[in-house]
Amino acid sequence: MRVIRIGILGFGTVGEGTYRMLVDNADEVFAKTAARFEVKRVGVRDLTKPRSISQDLITDDLKSIVTDPEIDVVLELMGGEEPANKMVQLALENGKHVVTANKELIAKHGSRLINFAKDSGLDLHFEAAVGGGIPVVQPLKHQLAGNDVIKIMGILNGTTNYILTQMEEQGADFADALAEAQVKGYAEADPTADVDGFDTMYKISILAAISFGKQIPLEKVHREGIRSVSAADMHYAKHFGYKIKLLGICEETGEGEVLVRVHPTLVPLEHQIARVSGVYNALWLHGDFVGDLMFSGRGAGADPTASAVVGDLIDVARNVVAGGNGSAIPYGEGMQVAKMGDLETRYYVRFEVADRPGTLGEIATAFSRRQVGLAQMEMITKTGGLGEIAFMTHVCRESDFGTAIQEVARLGSVSKLEGWFRVEE
Ligand code: NAP
Ligand code: HSE
C-alpha cells in the first residue's frame, strides 16, 4: 500500500474541511487510489489559536513543510498572493505536487507555476479555486478540451448572488442586504473582494485561460461590482422580463482575441442562470460541438470546497501510485484582450426626468442620433413634477451607447442618469 504524505498550508475553513474529509472518507479515497493519505504537517500563521488537530502537527514555519523530503503533496489553502506564491514555487522546486484553492494565486501566477510543474513532471491542480464544489476546471481541461469554447458566463460568487437575491426577493437595498450577508457569515467584514467583483474577476480569468489557452492580464479585465445595483433597477428589470446577476463573462471576439468582463447583468427570467439563487454558483458555457452546458452547486463553504480539493488530491495520488509523470496542463501568456467599447449588446438604462410633454421625444431623438434604438420603455410619475423612465435598447455598440447616455443626461428634460447595465440574452 502506498502512503502519500501531505503538508497543508492553512487550516481555516478549507484546510480544516479538507482534513476532516480525508479522515471521514479515508476508505472511499483508498478504494479509488490504492493509497492512504497521511497529513504530516500543517502550517498556520497564529500558533496560539485552538485547533481541532494535534498541536504536534502545527507549525508556523511554512518553509519547513515545502522543503520536507518526506512530503509528497502540498495543499496550499491559505489564500492571498504572498506567501502562497513563494511557497508553491518552493514546493515545486522541491519536487512536491501541489493542490491549491487559491484563485488570486492562479489568476496572477498560474501560467508560470503550471508550466514549472509540467516541466518538472509534477501536478498542480486548482479545482477549488473556481466554483467551490462544482467541477468546472477539470471538465474544461479534459472532457471539454476538444471544443472551441465560444462563450462562458458564470455566477461565480456566492456572497454577491445572495445579496442580489435578497434585494430581488425582499426589496432590500444594497446596504441592508450586505449587512444581512455579513450577519449570516457569507460576506467578510471587508466585503471588497466579493462586492467589487475581484473574486469573480480572478475566477473568470482562470476559466478563460484554460479555455482560450493563455493567461489573461488582469488589468485588461473589465470589472464592476454590485454596489451600483438598486432595488429600483431590480424592479424595472423584472418588469422587462429579467433578473440582475453579477456575471463573469468571457467570449471569443476574433481570431486569438477574447473579451473578459465582470459586471451586473440583466439575464432573461427564462435563462437557467436566472434561476440560480442565494449562495449558489453556476457556470454556463457554449462549445462548438458540445453546445450549451450548465453546472451549478455550492461555490463556497468547508464541505463543498474540501470535495474539490480531495478530488484533485485523488488525481495526484493516481499519478503517484502509477509512477506517472504528472498531469499539469499548461497555458501560455499574453492573451490579446478586446476593448469594452467594441462590445455589441442590449442595454438597460434609467433616468430621472421632467414629467412633461416632449420629454420622451427629446430622449428618443438623442438616442437615435447615436444609432441606439429603443425597444421597451416604462415610466412612472414621481412628486415635484419629476418622473422616472427606464429603457431597454436594441443591440448597439457600447461606445455609441456610452456617448448617447451622456448626451441624454445633458438634455434640459433630464435631471439625472440613475443607472445602466448590460444585458445578456
Ligand atoms: P481562512 O479560513 O481565512 O483560513 C486561512 C488559513 O491560512 C488560516 O489557517 C491561516 O492561519 C492560514 N494563513 C493565512 N495566511 C498565512 C500566512 N501568511 N502564513 C501562515 N498561515 C497563513 O481561509 P479559507 O476560507 O479557508 O480560504 C483558503 C483558500 O481557499 C483561499 O485561497 C480561498 O480563496 C479559497 N477558497 C475558499 C472557499 C471558502 O468557502 N472559504 C471556497 C473556495 C476557495 P491562522 O489559522 O493561524 O489564521
Ligand atoms: N467569497 C467567495 C464567495 C468564496 O462568496 O463565493 C468562494 O470563493
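**View 1. Two domains of a predicted model, side by side.** In this predicted model, the centres of domain 1 and domain 2 are separated by 27 Å, taken over C-alpha atoms. Domain 1 is made of two stretches of the chain, 2-133 and 302-330, while domain 2 covers 139-298 and domain 3 covers 340-423. Where domain 1 and domain 2 meet, 19 residues of domain 1 are in contact with 14 residues of domain 2. Together the two domains bury about 1,400 Å² between them, with 64% of that area on carbon and sulfur atoms. On the side of domain 1, Lys-103, Ala-107 and Val-130 lose the most area to domain 2, and together they account for 36% of what that side buries.

**View 2. A closer look at the interface of domain 1 and domain 2.** The count between these two domains is 6 residue pairs in polar contact. Helix H5 (103-119) and strand E6 (124-125) each supply at least two residues of the side of domain 1 that touches domain 2. Which element gives the most to this side? That is H5, with 8 residues. By character, the residues on this side of domain 1 divide into 8 nonpolar, 7 polar and 4 charged.

**View 3. The salt bridge between domain 1 and domain 2.** Across this interface there is 1 salt bridge. The side chains of Lys-103 and Asp-199 meet in a salt bridge, at 2.9 Å from N to O. Side chains of opposite charge can pair when their charged atoms come close.

**View 4. The surroundings of ligand 2.** Take a moment to find Lys-103 and Asp-199 again here: both are among the residues that surround ligand 2. The others are Asn-157, Gly-158, Thr-159, Asp-194, Lys-203, Gly-299 and Ala-300. Which atom of ligand 2 lies 2.9 Å from a polar side-chain atom of Asp-194? It is a nitrogen atom. Lys-203 has a polar side-chain atom 2.8 Å from an oxygen atom of ligand 2, and Asn-157 has one 3.5 Å from an oxygen atom of this ligand.

**View 5. The surroundings of ligand 1.** There are 22 residues around ligand 1, and Phe-11, Asp-46, Lys-49, Arg-51 and Gly-301 come nearest. The side chain of Lys-49 places an N or O atom 2.7 Å from an oxygen atom of ligand 1. Lys-103 appears in this view too, with an N or O atom of its side chain 3.0 Å from an oxygen atom of ligand 1. For Thr-13, the backbone takes part: one of its N or O atoms lies 3.0 Å from an oxygen atom of ligand 1.

**View 6. A salt bridge linking distant parts of the chain.** The structure holds 27 salt bridges, and one of them joins the side chains of Asp-303 and Arg-20 at 2.8 Å, N to O. Asp-303 sits in helix H12 (residues 302-322) and Arg-20 in helix H1 (residues 13-24), so you will need to look 283 residues along the chain to get from one to the other.

**View 7. Two loops with backbone details to look for.** Where is Pro-83 found? It lies in the loop between strand E4 (73-76) and helix H4 (84-93). A cis peptide bond joins Glu-82 and Pro-83, with omega about 10 degrees. Ala-34 belongs to another loop, the one between helix H2 (26-33) and strand E2 (35-43). Phi of Ala-34 is near 60 degrees, a positive value in a residue other than glycine.

Note on methods
Residues numbered from 1 in each chain as written. Chains lettered and ligands numbered in written order. Predicted model: local features only at pLDDT ≥ 70, side-chain atom pairs only at ≥ 80, totals over all residues. Heavy atoms only, no water. Domains from an automatic or database assignment. Contact = heavy atoms within 4.5 Å. Buried area = accessible area lost by both parts, 1.4 Å probe. Salt bridge = Lys/Arg side-chain N within 4 Å of Asp/Glu carboxyl O. Polar contact = N/O pair within 3.5 Å; in protein donor to acceptor, adjacent residues only side chain to side chain. Helix = DSSP H or I, 4+ residues; strand = E, 2+ residues; numbered from the N terminus. Nonpolar A, V, L, I, M, F, W, Y, C, P; charged D, E, K, R; others polar. Near = heavy atom within 4 Å.
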